[in-house]
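Student: I am new to this structure. Please take me through a single part of it, step by step.

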Amino acid sequence: MSWIYLDNNATTKIDPAVLEDMLPFLQESYGNASSVQHRMGREANEAIALARHQVAFKLGCKDNEIFFTSGATEAVNTVLRGIADAYQRKGKHIITCLSEHKAVLTTCALLEKRGMEVTYLPVNQQGQLDLQLLEDSIRDDTVLVSIMAANNETGVIHPIKEIADICQRRDVLYFCDATQYIGKKELNLANIPIDILTFSAHKIHGPKGVGALFIRRKSKPIQIPALISGGKQEQGLRGGTYNVPNIIGCGKAMEISKNHAYIKVYRDLLEEQLTSRIPQCFVHAPATSRLDNTSFIAFRHIKSAELMTSMPQIALSSGSACASGLLDPSHVLKSMQVSDEDSFSSLRFSLSKYTEREEILQTVEELVATVEQVRSLSPIWKLFQDGLID
Ligand code: PLP
């Protein structure tokens with residue numbers, strides 16, 4: 001059996017067209033994009049302008065609203081720490097959600113130690129937010145609402161248009177971590193009043209270590225101080241020599257990104273086959289709007305770590321890449337009231353445009369056989385079969 005990669009929410013394979021656009025800026029045209037006194041510097045500078053346009057065009061915003069960063073984590077830090085700092089006079093309250101990515105949750109925890117107040121909104125068993133509760137949680141001193149577009153573990157999609165409308169109506173800034181949404185779903189910032197948004201290029205077949213931050217130009221400008229101070233790069237928001245090849249790759253990856261309908265067909269096939277052929281196997285958040293490529297599936301009474309070790313030729317994950325390997329159960333599943341036991345039994349499958357139908361069928365066969373084999377040796381499974389545990 002050949003190697004099968006189903007961990008595309010962690011990172012993706014670079015698209016050859018992206019690499020092709022990047023290579024000249026690693027080899028021949030290696031100028032510093034700020035050295036515009038000579039041709040090589042100007043070439044790099046112009047290529048960055050094009051990349052910025054590619055991102056802006058795809059998102060339906062202006063070029064000067066796009067800032068390149070090293071990725072979503074840096075952007076999240078820039079936004080959360082920056083807003084907390086710059087809006088001190090307005091207030092000290094941030095609203096986020098229990099199932100956000102650790103980039104947001106860890107930064108919020110740090111801000112709490114510095115005197116900010118953070119409301120962590122719950123989600124229901126399907127991973128959905130209560131929008132009335134969100135609105136009711138907004139206070140006079142709320143400076144920011146930070147709610148992701150789509151969850152990296154379950155694929156659950158939040159209603160970002162409705163959230164943005166609430167924030168606009170209540171005059172609170174809305175920051176959207178769209179790292180898993182961009183490239184998989186259409187998003188037009190001309191139609192959705194999101195104030196600030198971010199994503200990373202490596203989730204959409206671009207290079208690692210680059211991403212973009214959108215900050216809307218408003219009549220009352222949004223204040224975000226630089227997290228990385230230095231030169232005047234990125235309108236002074238982020239100092240440091242431009243990572244030209246990566247930025248070019250980010251622009252190209254964005255330009256060619258699109259939703260491929262067959263990904264959902266393969267994902268649904270995977271879910272249908274696994275849940276019908278394996279007893280005590282279920283999909284998390286099946287009854288809500290989810291990303292087409294993502295499926296988080298529980299195989300009860302088996303540790304997902306054991307399944308992954310038994311199938312080393314299939315790249316899967318037990319949750320988010322940052323958290324997998326840790327002994328804690330997934331905080332996302334916990335927020336959905338999933339028991340720790342079911343959480344430790346869950347595997348995330350995330351597909352991409354490179355996933356083939358044959359790979360899905362092979363994965364199903366491998367899992368059916370492995371689950372059966374592991375359970376046949378398991379005293380816990382025996383207890384379950386004898387009706388002694390649930
Ligand atoms: N936000 C979400 C929803 C993610 O899935 C990730 C990466 O997994 C990040 C933020 C952080 O992205 P990066 O590691 O590229 O900074």
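Student: Which elements do the buried residues of α2 pack against?

Tutor: Keep in mind that this is a predicted model. The buried residues of α2 pack against three strands, β2 (66-69), β7 (196-200) and β8 (211-215), and against the helix α7 (244-256). Now the helix itself. α2 has 21 residues. From its first C-alpha to its last, α2 reaches 30 Å, close to the 30 Å expected at 1.5 Å a residue. Its buried residues are Gly41, Ala44, Ala47, Ile48, Ala51, Arg52, Gln54, Val55, Ala56 and Leu59.

Next, the stretch before the helix. A loop lies between α1 (16-22) and α2 (39-59), and Ser35 sits in that loop. Setting aside neighbours within four places in sequence, Ser35 is in contact with Gly41 and Arg42. Gly41 is also one of the buried residues of α2. Ser35 and Asp63 are 28 residues apart in sequence; C-alpha to C-alpha, they are 21 Å apart in space.

Now the other end. Gly60 follows α2. The phi of Gly60 is positive, near 75 degrees.

Last, Cys61. The structure holds zero disulfides. Cys61 is in no disulfide, and the nearest cysteine sulfur, that of Cys250, is 12 Å away. Cys61 counts as buried because its relative accessibility is 15%, and the cut-off for buried is under 20%. Cys176 is in no bond with Cys167 because the sulfur of Cys167, the closest cysteine sulfur, is 10 Å from that of Cys176, too far for a bond. Cys176 is buried too, with a relative accessible area of 0%.

Key
Residues numbered from 1 in each chain as written. Predicted model: local features only at pLDDT ≥ 70, side-chain atom pairs only at ≥ 80, totals over all residues. Heavy atoms only, no water. Helix = DSSP H or I, 4+ residues; strand = E, 2+ residues; numbered from the N terminus. Contact = heavy atoms within 4.5 Å. Expected span 1.5 Å × (residues − 1). Buried < 20%, exposed > 50% of the residue type's maximum accessible area, 1.4 Å probe, protein only. Disulfide = S-S within 2.5 Å.
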